Amino acid sequence: MFDIKIDESLPKEAFYQELSAQLEGLFYGERDLICNAAQLSAFIMQSVPDLNWAGFYFLRGQELVLGPYVGKVACTRIPLTKGVCGAAVSTKTTQRVTDVHQFPGHIACDGDTRSELVLPIFAGDVLIGVLDLDSPIPDRFDEKDQFGVQELANIFVKSTDFQWALDVG
Ligand code: SME
């Protein structure tokens, strides 16, 4: 069994550094894409406070298709012209949305979601999908969360083989 040790009293930088070290341990000896994407989704939901959804959408042609996640059942396909996830892909930049109700085209998969952090995931130069974190709290994510979650995503990328996603994408 893999125990995640969480000290929520740490300042955010130290909290995410601690999580990063533990995530390296979780991925040790495993490079499968679906396995690691599922583990990262659960790891984030278990360790990062105040979330209601965490998981992946993978790019398939001109739309995103739901991947491994933890949370309520979600929209299965997202066009690149829609939503926070579509914006992350079409702009190739992280979207940190303080109030989803103010975001044009936001897709409400879970009506409880109030703020959202969506990071594009690259295998080398190729954008293969997004990592999406949702919170029921408005303005839940600050720059420190963005930096910390980006570090978790970087560990996922370097620990994972993406050939399968590149073949079917
Ligand atoms: N809200 C997202 C859709 C995905 S769900 O939140 C899981 C969006 O606007 O792209």
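This passage describes the surroundings of the ligand and the disulfide in a predicted model.

The space taken by the ligand is the largest cavity. Three elements each give two or more residues to the shell around the ligand, namely β1 (53-60), α3 (83-91) and β6 (126-135). The largest share, three residues, comes from α3. The ligand is surrounded by Trp53, Tyr57, Ile78, Gly83, Val84, Cys85, His106, Ile107, Cys109, Glu116, Asp132 and Asp134. Sorted by class, this shell comprises seven nonpolar, two polar and three charged residues.

Polar contacts with the ligand involve both side-chain and backbone atoms of the protein. In the side chain of His106, an N or O atom is 3.3 Å from a nitrogen atom of the ligand. For Ile107, a backbone N or O atom lies 2.7 Å from a nitrogen atom of the ligand. An oxygen atom of the ligand, in turn, is 3.5 Å from an N or O atom in the side chain of Asp132. On its own, the ligand has 310 Å² of accessible area, and the protein covers 99% of this area.

The structure holds one disulfide, which is formed by Cys75 and Cys109 with their sulfur atoms 2.2 Å apart. The torsion about the S-S bond of this pair is about -125°, and the disulfide is therefore left-handed. Distant parts of the chain are linked by the pair, the two cysteines being 34 residues apart. Cys75 is located in the loop between β2 (63-71) and β3 (77-79), whereas Cys109 is located in the loop between β4 (95-97) and β5 (115-123). Cys109 is also among the residues that surround the ligand.

Definitions and conventions
Residues numbered from 1 in each chain as written. Predicted model: local features only at pLDDT ≥ 70, side-chain atom pairs only at ≥ 80, totals over all residues. Heavy atoms only, no water. Near = heavy atom within 4 Å. Polar contact = N/O pair within 3.5 Å; in protein donor to acceptor, adjacent residues only side chain to side chain. Areas by Shrake-Rupley, 256 points an atom, 1.4 Å probe, with all protein chains shown as cover. 1 Å grid on protein atoms, 1.4 Å probe; cavity = no way out; pocket = protein on both sides within 12 Å on 5 of 7 lines; lining within 4 Å. Sits in = over half its atoms within 2 Å of the grid points. Helix = DSSP H or I, 4+ residues; strand = E, 2+ residues; numbered from the N terminus. Nonpolar A, V, L, I, M, F, W, Y, C, P; charged D, E, K, R; others polar. Disulfide = S-S within 2.5 Å.
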